[in-house]
Amino acid sequence: MWESKCWEEDTLLAYKAGFGMGCLCGCFLDPYVFTVWIISVARKLFDEMPFRDMGCWNAMISGFCQNGNAADALDVLIEMRSEGVKMDPVTVASLLTACAQSNDNLSGTLIHLYVIKHGLEFDLFVCNALINMYAKFGCLGHSQRVFHEMEVRDLVSWNSIVAANEQNDDPITALGFFNRMQLSGVKPDWLTLVSLASIIAQLSDAEMSRSVHGFILRRDWFREDVVIGNAVVDMYAKLGAIDSARTVFEGLPVKDVISWNTLITGYTQNGLASEANEVYCMMQECKEIIPNQGTWVSILPAYTHLGALQQGMRVHGRVIKNCLYLDVFVGTCLIDMYGKCGRLDDALSLFYQVPRMSSVAWNTIISCLGVHGHGEKAVKLFKDMIDEGVKPDHVTFVSLMAACSHSGLVNEGELYFHLMQKEYGIKPSLKHYGCMVDLLGRAGHLNKAYSFIKKMPVQPDASVWGALLGACRIHGNAEWGKLLQKACLKLIQRTWATMFCCQYLRNNREMGREGDHCEGLERFHHFKAGTCSCGDYW
DNA sequence: GTAGGGTTAG
């Protein structure tokens with residue numbers, strides 16, 4: 001009796017609150033509005049219940065948790081505890097998931113203590129939720145400990161521990177767990193394959209990628225969920241097999257916005273910015289696909305590479321319309337786009353608007369200042385970064401040393417190379433060594449640069465030799481250049497192709513020829529195909 | 001009434 005009364009009252013309440021019949025129909029079209037409304041109805045029903053059993057409390061708590069509303073779930077929990085009702089495994093499993101989603105490490109740990117105190121640590125659902133929660137917090141050791149102490153494990157336990165390792169950048173251990181899972185007789189499902197696709201991409205194992213693809217095709221799992229299709233598109237894109245990624249994408253029975261974003265990102269990250277733009281244009285023709293934050297973050301770097309300022313600005317307009325201009329990911333892409341296209345004032349103004357607690361926005365603006373020869377300003381921003389308590393990372397030093405190099409700040413560059421190791425404990429990568437060679441070579445210290453390469457504790461790659469070759473070119477030292485060319489022709493050709501392409505794009509940008517990159521790309525393909533040598537451009 | 005999933009910035 002009271003149930004039907006509540007339904008009628010709430011429908012009326014919603015109507016009075018502005019949901020006329022038209023709006024109410026709108027609720028059913030907009031899942032978010034509908035969810036908010038239906039949860040408020042559930043809460044009202046719950047409040048008016050004369051008696052609540054464990055099922056009712058859990059239904060209310062899990063309802064809030066599943067909709068990402070951890071604060072309201074916590075309110076219900078406090079009410080439940082105040083009535084002397086204890087949490088059972090169902091309550092705990094729901095709350096742990098909410099802690100993971102809201103990155104609430106403290107509450108999650110407190111609930112884990114409750115689990116141990118009340119002997120719930122042998123419950124399968126609780127353990128699986130714990131594995132996943134600790135993985136989301138980045139505490140892989142805790143996830144593994146929970147997994148090892150489990151007496152009974154099911155498919156979800158195995159999938160959780162495989163995904164935990166995969167998502168924390170340990171593909172080898174993840175693969176080890178996958179093999180153990182098979183040995184223990186547990187059959188993988190499509191969610192196992194989602195993790196496996198990502199593991200293979202991280203391991204760059206092209207041969208295994210084909211096996212995984214075939215395994216999924218034989219079971220017709222692309223029809224299970226769009227997620228598995230997106231994972232395979234991403235796997236091929238990350239392996240550089242962008243054509244395979246495109247074929248899988250085109251064959252997907254259902255495509256969502258993430259499918260499109262994945263393909264756009266794939267093209268951008270494989271250096272095919274024009275193709276990324278083509279896919280973005282195709283996406284806009286699909287009326288059922290609404291671009292989101294991921295879309296802007298996928299397409300903006302493509303416009304940066306093309307120097308296509310006008311197109312980038314158009315995206316900026318859409319970002320503002322969607323209230324995403326303060327999003328740290330989108331904001332960083334916009335800073336980079338304006339900065340690399342020569343609009344440093346706009347880049348700086350955006351930089352001071354976006355949240356900058358992490359190093360990424362700082363690295364971007366330091367890099368932008370550096371490529372335009374404002375080394376001293378870049379150094380000043382690095383000092384500001386330290387003053388604001390932001391910890392620099394390996395990318396900060398690449399940007400900073402490159403900035404020093406382009407402005408002839410040799411002493412400063414050397415100083416930061418040492419500071420990075422001594423003060424911040426960052427081991428130099430090939431990129432840092434390349435920066436040092438560029439710094440010394442560009443300043444004319446060719447001998448010093450060569451001795452530096454010889455003393456490197458790791459094998460120099462094309463970028464390191466390329467930096468020295470570039471210096472030979474700048475200082476007109478053809479003799480050294482020819483020697484280097486003979487010594488490592490293959491490496492140099494690749495480096496030259498990249499260098500030429502970058503230089504060409506930069507020139508276009510400076511001349512205001514946005515997006516006119518065809519000639520650069522054509523020459524790049526000649527290099528790749530071996531139909532011309534770097535000597536042709538010497 | 002409970003647990004597992006895909007893309008993204010420098």
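A polar side-chain atom of Asp 154 lies 2.7 Å from a base nitrogen of DNA strand B in this predicted model. Two further polar contacts (pairs of N or O atoms within 3.5 Å) with the strand are listed beside it.

| Residue | Partner atom in DNA strand B | Distance |
|---|---|---|
| Asp 154 | base nitrogen | 2.7 Å |
| Asn 261 | base oxygen | 2.9 Å |
| Gln 269 | phosphate oxygen | 2.9 Å |

DNA strand B is surrounded by 53 residues, a residue being near the strand if one of its heavy atoms lies within 4 Å of it. The closest are Asn 58, Asn 159, Trp 190, Asn 230 and Asn 363. By class, this surface comprises 20 nonpolar, 22 polar and 11 charged residues; Ala, Val, Leu, Ile, Met, Phe, Trp, Tyr, Cys and Pro count as nonpolar, Asp, Glu, Lys and Arg as charged, and the others, Gly among them, as polar. Of the strand's atoms within 4 Å of the protein, 45% belong to sugar or phosphate and the rest to bases.

The unreviewed UniProt entry annotates "repeat: PPR" at residues 53-87, 154-188, 256-286 and 358-392; such annotations may be inferred rather than shown by experiment. Residues 53-87 are 74% helix and 0% strand, with their end C-alpha atoms 12 Å apart. For residues 154-188 the content is 74% helix and 0% strand, and the end C-alpha atoms are 11 Å apart. Helices (H or I, at least four residues) and strands (E, at least two) are DSSP runs, numbered from the N terminus.

Helix H8 (residues 124-137) packs with helix H6 (residues 89-101) at about 10°, the axes being 9 Å apart. H6 is therefore roughly parallel to H8, a term for angles under 35 degrees. Contact (heavy atoms within 4.5 Å) involves residues including Val 92, Leu 96 and Cys 99 of H6 and Phe 125, Leu 130 and Met 133 of H8. This contact has 12 nonpolar, one polar and one charged residues.

The axes of H8 and helix H10 (residues 155-167) come within 9 Å and cross at roughly 10°, so H8 is roughly parallel to H10. Leu 124, Asn 128, Ile 131, Asn 132 and Ala 135 of H8 meet Val 156, Ser 157, Ser 160, Ile 161 and Ala 164 of H10. Here the classes are six nonpolar, four polar and no charged residues.

Residues are numbered from 1 along each chain as its sequence is written, and chains are lettered from A and ligands numbered from 1 in the order in which they are written. Local features need pLDDT of at least 70 and side-chain atom pairs count only at pLDDT 80 or more, whereas totals for chains, interfaces and linings use all residues; side-chain values use heavy atoms, with hydrogens and water left out.

Key. Axes fitted to C-alpha atoms, helices over the stretch in contact; angles between N-to-C directions. Parallel < 35°, antiparallel > 145°, perpendicular 65-115°, else oblique. Polar contact = N/O pair within 3.5 Å; in protein donor to acceptor, adjacent residues only side chain to side chain.
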